[in-house]
Amino acid sequence: MKNTITTLKAQKEKGEKITMLTCYDYSTAKLMEEVGINTILVGDSLGNTMLGYDDTLQVTMEDMIHHCAAVSRGINDILLVCDMPFMSYQTSVYDAVVNAGRLVKEGHANVVKLEGGVEVCPQIEAIVKASIPVCAHIGLTPQSINSFGGYKVQGKTEATAKKLLEDALAVEKAGASMVVLEGVPAALAKHVTEKLSIPTIGIGAGAGCDGQVLVYQDMLGMFSDYVPKFVKQFASVGEVMKNAFAEYKKEVENSTFPSEEHTYAIDDEVIEKLY
Ligand code: KIV
């Protein structure tokens, strides 16, 4: 069954949890499709995980389109959400609509995601009016890292908790189809989830959200630059990869790879004629 913004909303209504993972390439997308993940986020976290930047601020529209299109070729039923990179929507409502359109037309995204609450509602309204569904992202929004002064949990005081709820209600009113809650205390995320009719997808926001998202390299144990508290490593793929690379190195160096099994044959007479 094709996942859409409508099926995700139905999942919320039925109390069925929504699964989202980040993904940035064709082969990994195919694996996620095979196990029936509901939705993929081509996150601008690709700046960290794929491109080795310190933050997401340098990621471009071209980066997002390139990776989103690759993921789109590996999936059928998964709903494809693509991040709008820093400065692709903050500059004006016009820029927001044009760039959201590019993510759909060139990247084949079904939904675009942008960071911010009340302050980006004009952008959300305009993108939705252009028939492009929007996923909002509030709480710890990594594109605001310089304003926050670091990756800090948001909404811990009465004032900031009220602001988070106000942002959540505002993005819903502006037409967002879902909202990512990042780095928010669990009880606050649960309260926000109960107040909204659109699904909430949590990352570092506890079990009370309608769904969860993790960066796939984090949950596979592939990315060791830093491991946030909210990450559960479901596998040690980094170790598996390192062992395979080391084994390959050893076998090439001692000439046990390639063996006959991995080699193409040719008739001896053909070779003899070359001498
Ligand atoms: O870019 C990203 O991967 C994200 C998730 C952390 C929600 O925005």
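Q: How many residues of the shell around the ligand are nonpolar, polar and charged?
A: Keep in mind that this is a predicted model, where local features need pLDDT of at least 70, side-chain atom pairs count only at pLDDT 80 or more, and totals for chains, interfaces and linings use all residues. Residues are numbered from 1 along each chain as its sequence is written, and side-chain values use heavy atoms, with hydrogens and water left out. Here Ala, Val, Leu, Ile, Met, Phe, Trp, Tyr, Cys and Pro count as nonpolar, Asp, Glu, Lys and Arg as charged, and the others, Gly among them, as polar. On that basis the shell splits into three nonpolar, four polar and four charged.

Q: Which residues surround the ligand?
A: A residue gets onto this list if one of its heavy atoms lies within 4 Å of the ligand. The names are Thr22, Leu41, Gly43, Asp44, Ser45, Asp83, Lys113, His137, Val180, Glu182 and Ile203.

Q: What is the distance from a polar side-chain atom of lysine 113 to an oxygen atom of the ligand?
A: A polar contact is a pair of N or O atoms within 3.5 Å; within protein, one must be able to donate a hydrogen and the other to accept it, and residues adjacent in sequence count only if both atoms are side-chain atoms. Aspartate 44 has a side-chain N or O atom 3.0 Å from a ligand oxygen, and for aspartate 83 the distance is 3.1 Å. For lysine 113, the distance is 2.9 Å.

Q: How much of the area that the ligand exposes when taken alone does the protein bury?
A: Areas here come from the Shrake-Rupley method with a 1.4 Å probe; for residues, only the protein chains shown count as cover. Taken alone, the ligand exposes 260 Å². The share that the protein buries is 95%.

Q: Why does threonine 22 count as buried?
A: Buried means under 20% relative accessible area, exposed over 50%, and partly exposed in between (1.4 Å probe, protein chains only). The side chain of threonine 22 also reaches the backbone nitrogen of tyrosine 216 at 3.0 Å. Threonine 22 counts as buried because its relative accessibility is 3%.

Q: Is glutamate 247 buried or partly exposed?
A: Glutamate 247 belongs to helix 11, residues 237-253; helices (H or I, at least four residues) and strands (E, at least two) are DSSP runs, numbered from the N terminus. Since its relative accessibility is 36%, glutamate 247 counts as partly exposed.

Q: What share of the protein's residues count as buried?
A: The protein's secondary structure comes to 12 helices and eight strands. Of its 275 residues, the share that count as buried is 49%.
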